[in-house]
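Dear colleague,

I am handing over the structure that you will find just below, and after it I set out what was found in it. Please keep it open beside this message while you read.

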Amino acid sequence: MRGRLRAAFELRCPPGESPEERARSIAVEQTVEIPEGCFSEEVEARVVARLEELEPLADGRHRAVLSYPVRDVGPRIGQLVNLLFGNISMHRGIRLVAVEWPEEILAAFPGPSFGIPGLREATGVRQRPLVCAAVKPLGLSAEELARDAAAFARGGVDLVKDDHSLDDQPELAPFCERVARCQEAVSRANEQTGGGTFYVPNLGGTPDQLIERVEWLRGLGVRGVMVCPLIQGLDVVRWLADESGLFVLGHPSFTGSLLGEEHGIAAPLLYGHLLRLAGCDGVIFVNAGGRFAWSGERCDAIARALREPLGEVRPAFPVPAGGMDVRRAPEWVAHYGRDTMVLIGGSLYQQGDLAAASAALVASLEPA
């Protein structure tokens, strides 16, 4: 790998520090991580990031573009993120806003194994958005969760996923019991209706458990999983995309800790590029107008980033969620476009009859 990785930052400099000094501190901290004068000119030329651009912004901040040798990235996406926003994440006033991805990086981290075209092929849904329902809440037994999963499947949704709070609750819904019951219930509902709903369990666990669980899931006939990439690990997502044969939905839990206005990682870069390169076939994000105070502009930018050209990397489904009103689903589809996955949970539960509410939702999204 001999190219360079260009990363753009927005900087708020503390008193007494110039923009040039702050940019230089990023270049050193993210590479050699030792004081100036303790590394040779050869190491400087070979490893330390270069300041390519520096310009003032209207609000007193500055935009700095630094470039890193691609050889510094290594074979893991965790190391890529560590290089881009590792130790500097513990300083304030540094926001990573954009990255220009060289061909070597896109080849090393090829993105989703399914993506939008692969999930459409798997589900057989060609003309409308995909519909996903969430089984919840925490506190139900495995039998009760399976009952609700079956009702969603009878209503004809394309995917029934676990809520992210459902992991391994030994007293009420142990992982293996919950997943086996839900998969069986969805399969039985498919047999009754002729449908093709997929059950998508929330996958957690230690590294040794993950390998065993993936094999077990495939034996049950499970086709996809949901993970929380910033909790479970980006390299776990990459491994799932490369090795499991399962499609992967990425859940945004914990990602909000990175989304500051003047610190962190810009949402389109995090959701639309980093999680996509990690291997997510669909990325859940909280939609404007739900129970989270996100702007429409931010959500639109995430959706664009998930589907925009990125070398040979497949586009991933935007999955707006987070308190979406089932009655507004056609409106949101008209806004985001057909290649969207609609994820609704609580609003379907509010209707009472899960199967009827799901069927009405799917019907409302069929093309005219």
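**Strands 5 and 13**

Ala133 stands opposite Ile344, a residue of strand 13. Before going further, please bear in mind that this is a predicted model, and that everything below should be read with that in view. The pairing that this residue pair belongs to joins strand 5, residues 130-135, to strand 13, and the two strands run parallel with 4 bridges between them. Strand 13 is covered on both of its faces, since Met341 and Leu343 on one side are buried, and Val342 and Ile344 on the other side are buried as well.

**The two pockets**

Strand 13 also has a part in the largest pocket, which holds about 470 Å³ of space. The lining of this pocket is made up of 29 residues, and those closest to its centre are Arg291, Phe292, Ala321, Gly322 and Gly323. The elements that give two or more residues to this lining are strand 11 (282-286), strand 13 (341-344) and helix 14 (346-349), and the largest share, 3 residues, comes from strand 11. Sorted by class, the lining of the largest pocket has 13 nonpolar, 11 polar and 5 charged residues.

The second largest pocket holds about 260 Å³ of space. It is lined by 14 residues, and nearest its centre lie Val81, Leu230, Leu234, Phe254 and Leu258. Helix 3 (77-85), helix 9 (229-232) and helix 11 (267-278) are the elements that give two or more residues to the lining of the second largest pocket, with helix 3 giving the largest share, 3 residues. In this lining there are 10 nonpolar and 4 polar residues, and no charged residues.

**Helix 10 and the strands beside it**

Leu234, which was named above as one of the residues nearest the centre of the second largest pocket, is also among the buried residues of helix 10, residues 234-244. The others that are buried in helix 10 are Val236, Val237, Arg238, Leu240, Ala241 and Ser244. What do the buried residues of helix 10 pack against? They pack against helix 3, helix 8 (207-220), strand 8 (224-227), helix 9, strand 9 (247-250) and helix 11. Just after helix 10 comes Gly245, which takes a positive phi of about 75 degrees.

Two of the elements in that list, strand 8 and strand 9, pair with each other in the parallel sense over 4 bridges, and within this pairing Gly224 has Phe247 of strand 9 as its bridge partner. In strand 8, Gly224 and Met226 point one way while Val225 and Val227 point the other way, and all of them are buried.

**A sheet of five strands**

There is also an open sheet of 5 strands, whose order is 2-3-1-4-10 and whose pairing is mixed. The edge strands of this sheet are strand 2 (50-56) and strand 10 (264-265), each of which pairs on one side only. Strand 1, residues 4-11, and strand 4, residues 94-100, pair in the antiparallel sense over 6 bridges, and in that pairing Leu11 stands opposite Ile94 of strand 4.

**Three single residues**

Thr31 is found in the loop between helix 1 (19-29) and helix 2 (41-46). A polar atom of the Thr31 side chain lies 2.5 Å from the backbone oxygen of Ala27. Leaving aside its neighbours within four places in sequence, Thr31 is in contact with Val47, Val48, Ala49, Tyr68, Asp72 and Leu83.

Is Ser358, a residue of helix 15 (residues 354-364), buried or exposed? Ser358 counts as buried, because its relative accessibility is 0% and the cut-off for a buried residue is under 20%. With neighbours within four places in sequence again left aside, Ser358 is in contact with Phe152, Gly155, Val157 and Leu348.

Cys176 is found in helix 7, residues 175-193, and is partly exposed, with a relative accessible area of 42%. Cys176 and Leu217 are 41 residues apart in sequence, while from C-alpha to C-alpha they are 9.3 Å apart in space.

With best regards

Terms used. Residues numbered from 1 in each chain as written. Predicted model: local features only at pLDDT ≥ 70, side-chain atom pairs only at ≥ 80, totals over all residues. Heavy atoms only, no water. Buried < 20%, exposed > 50% of the residue type's maximum accessible area, 1.4 Å probe, protein only. 1 Å grid on protein atoms, 1.4 Å probe; cavity = no way out; pocket = protein on both sides within 12 Å on 5 of 7 lines; lining within 4 Å. Points joined across faces, edges and corners; volume = space filled by probe spheres on them. Nonpolar A, V, L, I, M, F, W, Y, C, P; charged D, E, K, R; others polar. Pairing = 2+ DSSP bridges. Polar contact = N/O pair within 3.5 Å; in protein donor to acceptor, adjacent residues only side chain to side chain. Contact = heavy atoms within 4.5 Å.
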